[in-house]
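Q: Could you pick one part of this model and walk me through it slowly? I'm new to this, so please keep it casual and link each bit to the next.

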Amino acid sequence: MSNLPLDRLVPSHIRLFEPYYPSLPDRELMRLYRLDHLHRLNNNENALGPPPAVSEMLEKVEAGVFPVYPGGDSRELRQALADKHGKTPEQFLVGNGSCELISSVVKAFCEAGDNIVTADQTFAVYEWVAEFSGLDARLIPLKAYAFDPEAMLAAVDGRTKIIFVCNPNNPTGTYWSRDVLCRFLDRVGGQQIVVLDEAYFEYVERDDYPDGMRLLERYPNLIVFRTFSKMYALAALRVGMLCASEELVDIVRRAHVAYSVNTLGQLAALEAIRDDADFVARTRAMVARAKGMLSELFADMGLESLAGEGNYVMVKTPMSDTLLHRKLLRQGLMVRTMTGFRFPNWIRISLVQEPVMREFCTAFRQLLDTR
Ligand SMILES: Cc1ncc(COP(=O)(O)O)c(C=O)c1O
């Protein structure tokens with residue numbers, strides 16, 4: 001132990017914050033568990049890999065681009081996003097994954113004594129960023145596994161700066177319809193920033209699912225998040241974006257690190273949205289098949305499960321989730337334990353190709369079926 005005066009140097013909210021430990025690298029896990037394959041069903045990645053045009057483009061990238069800093073504000077990508085969504089480039093901010101943008105938004109709007117409102121069983125980064133920034137995160141229980149608009153509104157006070165809504169929710173797959181969302185935004189009445197995280201937007205095929213981008217003119221306090229990590233399979237390159245009014249983007253940009261999005265990420269994202277209809281359709285078909293298989297398995301085993309929107313499902317298991325995780329890992333199947341996300345003994349499974357899902361179903365049944 002050093003003699004550093006950490007009591008004085010480290011704020012109490014950092015001392016008390018419990019760090020998140022990501023899983024070991026795949027190669028390390030495969031060595032530890034003596035595996036010849038590992039199926040990643042833990043992070044809601046798109047197992048099909050990026051659209052073919054992206055892979056082709058990346059193979060042709062020359063080493064000459066590496067010594068040069070990336071475009072500091074992702075100008076070309078913002079222009080392409082503006083063209084695609086009928087907005088101006090100034091309405092977009094691109095980040096090193098949408099996780100970085102969560103941080104930028106919190107930095108831009110919150111100061112000591114402020115709070116944010118979100119759900120207690122949702123994507124944890126909203127809560128984490130608030131807490132390690134010394135802010136109160138008001139975590140409102142889900143109602144029937146969905147964000148509860150009334151309870152969230154009741155939690156808002158004069159120090160609430162941001163309300164985070166995950167639509168559809170990771171991990172429950174529930175979503176707010178256009179009506180529910182608009183009623184909520186009407187009630188907020190522009191008094192708080194509302195972040196609508198649409199990380200799984202491209203997976204949702206419901207008629208009443210709202211496109212946040214279409215609501216920006218009506219609600220100037222709205223910020224919509226999207227990511228290239230999920231549908232477009234670019235998680236390793238870390239590209240996320242937000243879209244809002246030019247006025248709000250100009251504010252968030254002040255708290256955002258320029259040059260944080262690397263050149264390959266910008267090039268790949270540009271390519272990914274160029275002609276994506278076939279790719280999105282193929283991915284959706286894969287996810288729908290997998291969702292059907294898993295729902296059927298869990299129903300057959302009499303287990304409670306949640307198979308809503310997004311490329312993931314959850315199931316409550318009669319075994320401890322950490323033990324089940326280890327047992328599945330021994331068979332080369334890595335799922336997400338959910339106890340840490342306030343779902344004791346649930347696991348979340350990403351939806352991928354049929355042969356892998358079949359492998360999962362066989363292993364899961366063998367481990368848990370007592371009949
Ligand atoms: C709801 C939600 N928002 C944001 C993210 C983060 O995405 P990114 O890779 O763009 O940081 C995730 C990743 O799992 C997510 O599930």
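**A loop with two prolines, and what lies beyond**

A: Let's start with P171, which sits in the loop between strand 5 and helix 9. Keep in mind that you're looking at a predicted model. P168 is in that loop too, with strand 5 covering 160-166 and helix 9 covering 178-188.

Now check the peptide bonds leading into these prolines. Going from N167 to P168, the bond is cis, and its omega is near 0°. N170 and P171 are also joined by a cis peptide bond, this time with an omega of about 25°.

Hang on to N170, since its side chain takes us to the ligand: an N or O atom there is 2.8 Å from a ligand oxygen. Other side chains reach ligand oxygens as well. For S229, the distance from a side-chain N or O atom to an oxygen of the ligand is 2.6 Å. K230 has a polar side-chain atom 2.8 Å from a ligand oxygen. Zooming out a bit, 13 residues surround the ligand, and the nearest are S98, D197, T227, S229 and R238.

While we're on loops, have a look at A144, found between strand 4 (136-140) and helix 8 (149-155). A144 isn't a glycine, yet its phi is positive, about 50°.

Finally, follow the chain along to helix 14 and see how other helices meet it. Helix 12 (residues 277-300) and helix 14 (residues 354-368) have axes that come within 10 Å and cross at roughly 15°. Angles under 35 degrees count as roughly parallel, so helix 12 and helix 14 are roughly parallel to each other. Their crossing is right-handed. On the helix 12 side, the residues in contact include M293, L297 and F298, and on the helix 14 side they include F360, C361 and F364. Sorted by class, this contact has nine nonpolar, no polar and five charged residues.

Helix 13 (residues 321-329) also has an axis that comes within 10 Å of that of helix 14, but here the crossing angle is roughly 130°. That makes helix 13 and helix 14 oblique to each other, and this crossing is right-handed too. L324, K327 and L328 from helix 13 touch F360, A363, F364, L367 and L368 from helix 14. Here the classes come out as seven nonpolar, no polar and one charged. Spot the overlap: F360 and F364 of helix 14 take part in both contacts.

Methods:
Residues numbered from 1 in each chain as written. Predicted model: local features only at pLDDT ≥ 70, side-chain atom pairs only at ≥ 80, totals over all residues. Heavy atoms only, no water. Axes fitted to C-alpha atoms, helices over the stretch in contact; angles between N-to-C directions. Helix = DSSP H or I, 4+ residues; strand = E, 2+ residues; numbered from the N terminus. Parallel < 35°, antiparallel > 145°, perpendicular 65-115°, else oblique. Left-handed = near helix turned anticlockwise from the far one by under 90°. Contact = heavy atoms within 4.5 Å. Nonpolar A, V, L, I, M, F, W, Y, C, P; charged D, E, K, R; others polar. Near = heavy atom within 4 Å. Polar contact = N/O pair within 3.5 Å; in protein donor to acceptor, adjacent residues only side chain to side chain.
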